[in-house]
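Hi,

Here is the structure I said I'd pass on. Have a look, and my notes follow underneath.

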Amino acid sequence: MLCSVRSLGLTGITGYEVQVECYISNGLPGFDVVGLPDAAVREARERVRAAVKNCGFRFPVSRITLNLAPAGTKKSGTIYDLPILLGILAATECVRLPKAPSAFLGELSLEGTLRPVAGVLPMALAARDAGVEALYVPAQNAAEATLAEGLTVYPVKDVRQLAAHLSGEAPIAPAAPWTPGEAAGPRLDYADVKGQQTAKRALEIAAAGGHNVLLVGPPGSGKSMLAKRLPSILPAMGREEALEVTKIHSVMGLLTPEAPLITSRPFRSPHHTISAAGLAGGGSTPRPGEISLAHRGVLFLDELPEFRKDTLEVLRQPLEDGVVTISRVSGSVAYPSQFMLVCAMNPCKCGWYGDPSGRCTCSKAAVDGYLSRISGPLLDRIDLIVEVPALPFSELSAGAPAEPSAAIRARVEAARACQRARFGEDGANARMGPADLRTHCRLDEPSAELMRAAFDRLQLTARSYDRILKVARTIADLAGSEAIAPPHIAEAVRYRTFRIGGQ
């Protein structure tokens with residue numbers, strides 16, 4: 001007796017079709033799973049055996065061979081429990097598979113209930129592309145699966161319910177497409193931040209063009225407060241962007257049945273003890289790291305010099321390419337990582353180097369050693385370096401409200417609209433290539449002369465030169481200017497003139 005059940009698998013954040021082939025033959029009783037299964041897939045034998053018996057079906061006392069095709073691709077996780085069980089029941093004619101092209105996935109408990117699994121959205125998208133019309137998933141994953149659109153999604157609570165549905169006794173009602181409720185307003189607002197107008201202006205430029213920022217200042221000056229409010233001024237995500245972000249969070253099992261779609265831009269703030277693999281991703285079965293979880297959003301690294309140097313260096317290639325590639329013996333996986341890098345740091349170990357109060361206790365050698373933890377190539381990839389000084393009492397005690405995030409966001413949205421018209425829906429000034437720089441960042445003679453003087457005086461690299469042009473283009477967009485003018489170049493250069501620790 002031979003039966004084949006369609007299912008899905010995952011490679012990175014991309015789904016693919018898997019055929020679960022079940023063959024029951026005479027001979028000594030046995031239960032073998034082939035097709036490069038990992039430990040979790042092999043353990044499905046015991047879960048399936050218990051679930052079949054506890055749901056009132058007879059488990060065949062025969063030789064059972066299960067093949068997960070394509071057999072050359074490694075299979076991992078518990079998603080194959082349900083198709084394996086169905087393959088056995090269909091091969092023994094206990095249930096009849098639906099005539100319409102259908103796929104099944106889900107983890108089984110020993111009593112036959114279905115538990116939610118990770119990665120349902122990318123697998124649902126793969127099922128739709130493979131011509132599947134009906135997808136059977138655990139009930140708690142149904143809302144997420146409906147985001148794929150074009151599929152009939154059946155929420156399954158347990159094996160008994162599915163068997164009744166397949167026999168026609170008690171059909172399962174398809175899940176209704178999930179629609180987001182009314183979005184709550186941002187809880188963090190720049191209206192709460194007093195003073196720091198220079199830093200707010202720099203973060204507005206960064207949000208408008210997708211640029212990387214480094215905030216430098218003493219303890220308590222508001223660096224973290226400013227960074228945590230950055231998502232409140234970022235432009236809203238489109239549906240395709242939201243699906244990209246949701247796929248990554250789905251693979252990591254970070255979605256909930258109540259909110260299966262990520263609609264706000266991610267803000268990730270890992271602790272400085274994180275490893276290089278935790279930041280970039282990795283593992284024997286490669287999984288996304290923090291830089292991929294921050295895709296289309298913000299990666300905030302507080303206390304930047306406290307991160308291990310090898311951890312920070314893994315940021316260099318993703319910052320340039322927008323993709324991180326993780327290579328293992330079993331193969332390579334590429335995860336998207338287009339994020340805004342926002343860093344915060346003190347100017348020295350005690351935090352008060354260069355402060356007018358003179359309370360810094362660090363020697364020059366200690367300051368140099370502290371700052372040397374950040375490599376020059378990484379700093380070169382940061383577009384804006386901003387000083388965040390300690391606030392005087394007069395600003396802290398001022399009763400006048402600061403500008404709210406909504407007003408700043410309106411200007412950011414207007415600047416992003418210019419960039420969408422220029423580069424397309426996914427375009428941003430920070431991601432301009434050499435050809436775009438030649439086309440959209442042409443300088444008139446006064447601007448070119450100012451840029452030439454800054455290049456010689458600051459001893460800029462070619463990368464720094466390009467980044468200044470990109471920031472100037474964003475400043476011009478915020479000003480509603482078609483051409484880059486000398487004031488735009490001057491402001492962009494000013495964000496490169498600050499020397500960390502006065503160096």
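Let's start with a small one: is Ser7 buried or exposed? Keep in mind that this is a predicted model. Ser7 has a relative accessible area of 1%, and since anything under 20% counts as buried, it is buried. You'll find Ser7 in strand β1 (residues 2-11). Its side chain reaches the backbone oxygen of Phe104 at 2.8 Å. Leaving out residues up to four places away in sequence, Ser7 touches Phe104 and others, including Tyr16, Val18, Ile79, Pro83 and Leu105.

Next, strand β17 (residues 340-345), where 6 of 6 residues are buried. In a regular strand, side chains alternate between the two faces of the sheet. In β17, both faces are covered: Met340, Val342 and Ala344 sit on one side, with Leu341, Cys343 and Met345 on the other. β17 runs parallel to strand β10 (residues 213-216), joined by 4 bridges, and Leu214 stands opposite Cys343 there. Strand β14 (residues 298-301) also pairs with β17 in the parallel sense, over 4 bridges, with Val298 opposite Met340.

Finally, something for your pocket tools. The second largest pocket has a volume of about 790 Å³. Its lining is made up of 41 residues, and Gly210, Gln338, Ala428, Ala430 and Arg431 lie nearest the centre. Elements giving two or more residues to that lining include α9 (239-251), α17 (405-423) and α20 (462-478). By class, the lining has 17 charged, 13 nonpolar and 11 polar residues.

Cheers

Conventions
Residues numbered from 1 in each chain as written. Predicted model: local features only at pLDDT ≥ 70, side-chain atom pairs only at ≥ 80, totals over all residues. Heavy atoms only, no water. 1 Å grid on protein atoms, 1.4 Å probe; cavity = no way out; pocket = protein on both sides within 12 Å on 5 of 7 lines; lining within 4 Å. Points joined across faces, edges and corners; volume = space filled by probe spheres on them. Nonpolar A, V, L, I, M, F, W, Y, C, P; charged D, E, K, R; others polar. Buried < 20%, exposed > 50% of the residue type's maximum accessible area, 1.4 Å probe, protein only. Polar contact = N/O pair within 3.5 Å; in protein donor to acceptor, adjacent residues only side chain to side chain. Contact = heavy atoms within 4.5 Å. Pairing = 2+ DSSP bridges.
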